[in-house]
Amino acid sequence: MADPTVQATGVHKWFGQTHVLRGIDLTVAPGQIVGIIGPSGSGKSTFLRCINHLETIDAGDILFQGKSVARRLLKDRPFEIDEKSVCDLRSRMGMVFQQFHLFPHLTALQNVMLGPVNVLKQKKGEAEQIATDLLKRVGLADRGHHFPAQLSGGQQQRVAIARALAMNPALMLFDEPTSALDPELVGEVLAVIRQLAETGMTMIIVTHEMQFVQEIADQVLFMDNGVVVERGTCRQVFKDPREARTRDFLARVAHYPKQEREGEAGRTLKV
């Protein structure tokens, strides 16, 4: 059995006096897709940023492919992994943010080529071919020479996905990738993520797209107030949640009836 791609154990994070993450545990196997849902401010995005070392943690540990990526205490003193290790980590981990973060002075093709050329030290011709293939893969074969300002929000986000894939990552992290898009553009980005799922890409997806999570995820975490309130398969979390807080959240955001719902065996459950 393959080692986990991600193993988070007892992860805590404070911002000043605010305890943002309160002992998060998560195991992600290779090829697995994990969806993280929950209200705004529950710590979902912070946890994702800790995995990618954009934020350091204050307690616990996070392993990526068996190696620690976290700031932690060593003999009661803070210990930080070195910058070279951080760069190596990020070269094997793609991240797509709410905002697209494309370089406005570079074309779509140049944005996708940037990491492979500067970080992976690929030759420009090789990187250009890979970038061209990736833009075709995300449905933007005819947009390679367009600048970000000439693209729609959905197109920019697809360029951002292609840029992350250009690094040939072992893990893709998505931080609410559709939240900044107009509703009519959401579908085109979700379609690209579905295609990635079909290839067996390991992914952790923070999202408010409840139907999409049910379609794609192998495991779902519901977070609130810095803790994992509930975890399980999509069927268990969405159709038969154990916790009252989960039921209340789903009733609000997924339009599930608050007073009763149908269980897995067709029985009526009071919630």
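Hi everyone. When I say contact today, I mean heavy atoms within 4.5 Å. One more thing before we start: what we are looking at is a predicted model.

Let's begin with T178. You will find T178 in the loop between β9 (171–175) and α6 (183–198). Setting aside neighbours within four places in sequence, T178 is in contact with V186, V189, L190 and E209. One of those partners deserves a second look: the side chains of T178 and E209 make a polar contact at 3.3 Å. So is T178 buried or exposed? Its relative accessible area is 6%, and the cut-off for buried is under 20%, so T178 counts as buried.

Next stop, I205, which has its place in strand β10 (residues 203–206). With a relative accessible area of 4%, I205 is buried as well. Which residues does I205 touch, if we don't count those up to four places away in sequence? The list is I33, V34, G35, I36, F174, I193 and F212. For those of you who like distances along the chain versus distances in space, I205 and V96 are 109 residues apart along the chain, and their C-alpha atoms are separated by 9.6 Å.

Now for the helices. Two packed helices are described by the angle between their axes and the distance between the axes. Let me take α3 and go through two of its partners.

The first partner is α4. Helix α3 covers residues 108–118 and helix α4 covers residues 124–137; their axes come within 9 Å and cross at roughly 130 degrees. Angles of 65 to 115 count as roughly perpendicular and those over 145 as roughly antiparallel, and α3 and α4 are therefore oblique to each other. The crossing of α3 past α4 is right-handed. Who makes the contact? From α3 we have A108, L109, V112, M113, P116 and V117, and from α4 we have K124, A127, E128, A131, T132, L134 and L135. Sorted by class, that contact of α3 with α4 holds ten nonpolar residues, one polar and two charged.

The second partner is α5 (153–165). Here the axes of α3 and α5 come within 8 Å and cross at roughly 25 degrees. Angles under 35 degrees count as roughly parallel, so that is the label for α3 and α5. Once again α3 makes a right-handed crossing, this time past α5. On the α3 side A108, N111 and V112 take part, and they meet V159, A162 and R163 of α5. The class count for α3 with α5 is four nonpolar, one polar and one charged.

Let's move on to helix α9, residues 244–253. Which of its residues are buried? They are T246, F249, L250 and A251. As for what they pack against, the buried residues of α9 sit against β3 (33–37), α7 (210–216), β11 (219–224), β12 (227–232) and α8 (234–239).

Last, a couple of backbone points for anyone who enjoys a Ramachandran plot. N168 has a phi near 55 degrees, a positive value in a residue other than glycine. Where is N168? Look in the loop between α5 and β9. N168 is exposed, with a relative accessible area of 67%. N225 also has a positive phi, near 55 degrees, and again the residue is not glycine. That residue, N225, is found in the loop between β11 and β12.

That's my tour. Thanks for listening, and I'm happy to go back to any of these spots on the screen.

Definitions and conventions. Residues are numbered from 1 along each chain as its sequence is written. This is a predicted model: local features need pLDDT of at least 70, side-chain atom pairs count only at pLDDT 80 or more; totals for chains, interfaces and linings use all residues. Side-chain values use heavy atoms; hydrogens and water are left out. Axes are lines fitted to C-alpha atoms, for helices over the stretch in contact, and angles run from 0 to 180 degrees between N-to-C directions. Helices (H or I, at least four residues) and strands (E, at least two) are DSSP runs, numbered from the N terminus. A crossing is left-handed if the near helix is turned anticlockwise from the far one by less than a right angle, and right-handed if clockwise. Ala, Val, Leu, Ile, Met, Phe, Trp, Tyr, Cys and Pro count as nonpolar, Asp, Glu, Lys and Arg as charged, and the others, Gly among them, as polar. Buried means under 20% relative accessible area, exposed over 50%, partly exposed in between (1.4 Å probe, protein chains only). A polar contact is a pair of N or O atoms within 3.5 Å; within protein, one must be able to donate a hydrogen and the other to accept it, and residues adjacent in sequence count only if both atoms are side-chain atoms.
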